Each structure stands twice: as structure tokens, then as C-alpha cells.
Amino acid sequence: MNAILNADLHCHSVVSDGTLTPEELATRASANGVELWALTDHDEIGGQHRAAAAARAAGMKYLTGTEISVTFADLTVHIVGLGFDPDHPALAQGLKRTRGGREERAREMADGLAKVGIHGAFEGALHYVGNPDLISRTHFARHLVESGVCRDTNEVFRKYLTEGKPGFVPHRWAQLGDAVRWITEAGGVAVIAHPARYDHNPTREYALFTEFKAHGGRGVEVVTGSHTAAEYVKYADMALEFDLAASRGSDFHSPEESHCDLGKLPYLEGRLTPVWELLADRILA
């Protein structure tokens, strides 16, 4: 497989904070021409067997996936894992620990919103997810839109759920080295997700890439839904500088909310090593 492949290796289902089931995502990806697909729910691998079966039924090749929340330099960074054994115990246990703080954090967020007159937010957010272990800011955002507090989820984040706003509560996630180790010990490849989204200055960004590589990380998302054309070029250059493979993924969550649909991204540049070349023996046909 080469760089000219419609691979979408980053998206989310109802198992974390997406709005479609793994089966619905597979159908949508296949209809959009995706040839190689991965479901990467946040800190969760519970949808992997369903997604693999749905990909097979839709005629797509499949890589297992997850997106792990990491604290690095006091900021949240996301590391995508691809091609791992979804039944590996160390990975499952690590993700369970990472999810464990979500309910407590969510209740604190709801308390903060109640202080500015928005009551019942925890119960409202829970309506969109069902499992307190998986509750996230996105579920609060959907509730506040549905209940008429804000026009759209972007307004919710801007007014209530970012640092300094009433509903913001920081969370201490996994350590970078732990997340990379869980993925690699399970036979997978660790990838820095959407690097342009982090509020890092050049020094901290260089430190992230350096430490990630030192822990055994092997890839970076170059083409992703939130990157601009200039950022495609920037992170292609950084992939080459750090000898990292390049990944491609829409980060699709919902037909109504996502900037980019499944499979609707530019191809990787030919000068890059696609991450799927490192995972040829882990691709499920």
C-alpha cells in the first residue's frame, strides 16, 4: 500500500463521543470510498470487534484503534493507537484507569454550570452517553445546545467549557510514556493526533515530538480534519525530521458537528511513509 490510499484512521462512535454506531460509521466510510478504516474512540476499545466485523461486511480493510488522553506539559494531548490486539490486558487496564476520572470530573463541571444558573447538566449530558465512565465535555455541549442554552457546540465550548469558564475542570490523564507503552506492548503503533490543535509554543512542540519518539512513538497525523493546507506541509516536514510515519484521519464525530466527513481528506504526500506500511501484518481484511 502506498500514500495514495483513502485511509481514514481517526473517528468516533457512540462508544465514546460520536453520534453514530460503529456499524453506521462503517457504512458511511464505505460509501465515501474509504479503503482502510479505523475506529478510534476516546480511551475505549469496546467497539473494536463490532467495527472490524462491520468493516469486513462493507468490504473495507480495518485497523484496530483508540485515542488516548494524555497530560503533557500541563496540557491535554491525544495519542492514537493503531493495529493493536484489542484483547491485550495491559492496554485494557490502562484505558480503564484513564476513563476512571471522568465521572468525578463531570460532576464538578455540572457544579460549576449550576453556579451560573444552568442546572441538571450532569443528568442532561448523561442522556447522550449512558455510561458515566465515558462522559465528556462533548456530551455537556450537546445537552446545552438541545436545551437552548447555546446555538451550537462551538458556542458552548467558548462560553462555558474552556479554561477560565464556569464549566471547565482540568483532568489529569495518562502520562505520555504510559500511553505509548500500552499501545506498543499490545502490538500497535502510537501516533500523535492532530498536532496543530495543541496550544504549544515551538519549544514545547519540539519537546512533545522528542519525548514521544523516545518512548517508542512511531507516527504523527499529518492530514486530519482540523489541519489547514499549510499545516499539512508543516507536519509532513516534522514527520520527516523526526523519522515518523504519517497518518491520515478525519476525526469524524457526527454528520452535524464535524468539519470533515469520513474519507474526504487530501491524500498523503508521496515523500512520506504511511503509517499503514508499518502495520501491514495487522490489517484485517
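Which residue forms a salt bridge with Arg99? Keep that in mind as you open the model, which is a predicted one, and select Arg99 to begin the tour.

**Stop 1: Arg99 and its partner**

The partner is Glu44, and the closest N and O atoms of the two side chains are 3.5 Å apart. Now colour by secondary structure and see where the two ends sit. Arg99 belongs to helix 3 (residues 89–99), while Glu44 is in the loop between strand 2 (36–37) and helix 2 (48–58). The pair links distant parts of the chain, 55 residues apart. Switch on a surface and you will find both Arg99 and Glu44 buried. This is one contact from a set of 12 salt bridges in the whole structure.

**Stop 2: along helix 7**

Next, select Lys159 and Glu155. Their side chains meet in a salt bridge, at 2.8 Å from N to O. Both residues lie in helix 7 (residues 153–161), and they are 4 residues apart, about one turn of the helix. How do the two ends compare with the surface? Lys159 counts as partly exposed because its relative accessibility is 40%, and Glu155 counts as buried because its value is 4%.

**Stop 3: from helix 9 to helix 10**

Select Glu205 and Lys234, whose side chains form a salt bridge of 3.2 Å, N to O. Glu205 is in helix 9 (residues 202–214) and Lys234 in helix 10 (residues 229–241), so this contact ties together parts that are 29 residues apart in sequence. With 9% relative accessibility, Glu205 counts as buried, whereas Lys234, at 38%, is partly exposed. Before you leave the salt bridges, add Arg151 to Glu155 and Lys159: salt bridges that share partners join these residues into one network.

**Stop 4: the aromatic rings**

A search of the whole structure gives 4 aromatic pairs. For one of them, select Phe209 and Phe242. Their rings are 5.3 Å apart, centre to centre, with 45 degrees between the planes, and the pair is tilted. Why does this pair tie together separate parts of the sequence? Phe209 lies in helix 9 and Phe242 in the loop between helix 10 and strand 9 (245–249), so the parts that are joined are 33 residues apart. Both phenylalanines, Phe209 and Phe242, are buried. Extend the selection to Tyr206 and Tyr235, and you have a cluster of Tyr206, Phe209, Tyr235 and Phe242 linked by ring pairs.

Then move to Phe122. Arg107 lies over the face of this ring, at 4.1 Å from the ring centre.

**Stop 5: the nonpolar cores**

Hide the charged side chains and look at the largest nonpolar core, which has 53 residues. Good members to select are Leu9, Ile68, Ile79, Val222, Val275 and Trp276, as they touch the most other members. A second core of 19 residues is separate from it, and Ala121, Leu134, Leu144 and Leu161 are among its members.

**Stop 6: the cysteines**

How many disulfides does the structure hold? There are 0. Select Cys11 to see an example: its sulfur is 11 Å from the closest cysteine sulfur, that of Cys260, so the two are too far apart for a bond. Cys11 is buried, at 0% relative accessibility. Cys150 is buried as well, with a relative accessible area of 5%.

**Stop 7: the strands**

Finish with the backbone in cartoon view. Strands 1, 2 and 3 make an open sheet in the order 1-2-3, with parallel pairing. Its edge strands are strand 1 (7–8) and strand 3 (61–62), each pairing on one side only. Strand 1 is joined to strand 2 by 2 bridges, and Ala7 stands opposite Leu36 of strand 2.

Now select strand 7 (residues 189–192). Which faces of this strand are covered? Both are: Val189 and Val191 on one side, and Ala190 and Ile192 on the other, are all buried. Strand 7 runs antiparallel to strand 5 (residues 75–82), with 4 bridges between them, and Val80 stands opposite Val191. With strand 8 (residues 219–224), strand 7 pairs in the parallel sense over 2 bridges. Select Ile192 and Val220 as the last view of the tour, since Ile192 stands opposite Val220 in strand 8.

Key: Residues are numbered from 1 along each chain as its sequence is written. This is a predicted model: local features need pLDDT of at least 70, side-chain atom pairs count only at pLDDT 80 or more; totals for chains, interfaces and linings use all residues. Side-chain values use heavy atoms; hydrogens and water are left out. A nonpolar core is a set of buried Ala, Val, Leu, Ile, Met, Phe, Trp, Tyr and Cys residues joined through side-chain atoms within 4.5 Å. Buried means under 20% relative accessible area, exposed over 50%, partly exposed in between (1.4 Å probe, protein chains only). A salt bridge is a side-chain nitrogen of Lys or Arg within 4 Å of a carboxyl oxygen of Asp or Glu. Rings of Phe, Tyr and Trp (its six-membered ring) pair if their centres lie within 6.5 Å; planes under 30 degrees apart count as stacked, over 60 as edge-to-face and the rest as tilted. A charge sits over a ring if NZ of Lys or CZ of Arg is within 6 Å of the ring centre and within 35 degrees of the ring normal. A disulfide is a pair of cysteine sulfur atoms within 2.5 Å. Two strands pair if DSSP finds at least two bridges between them.
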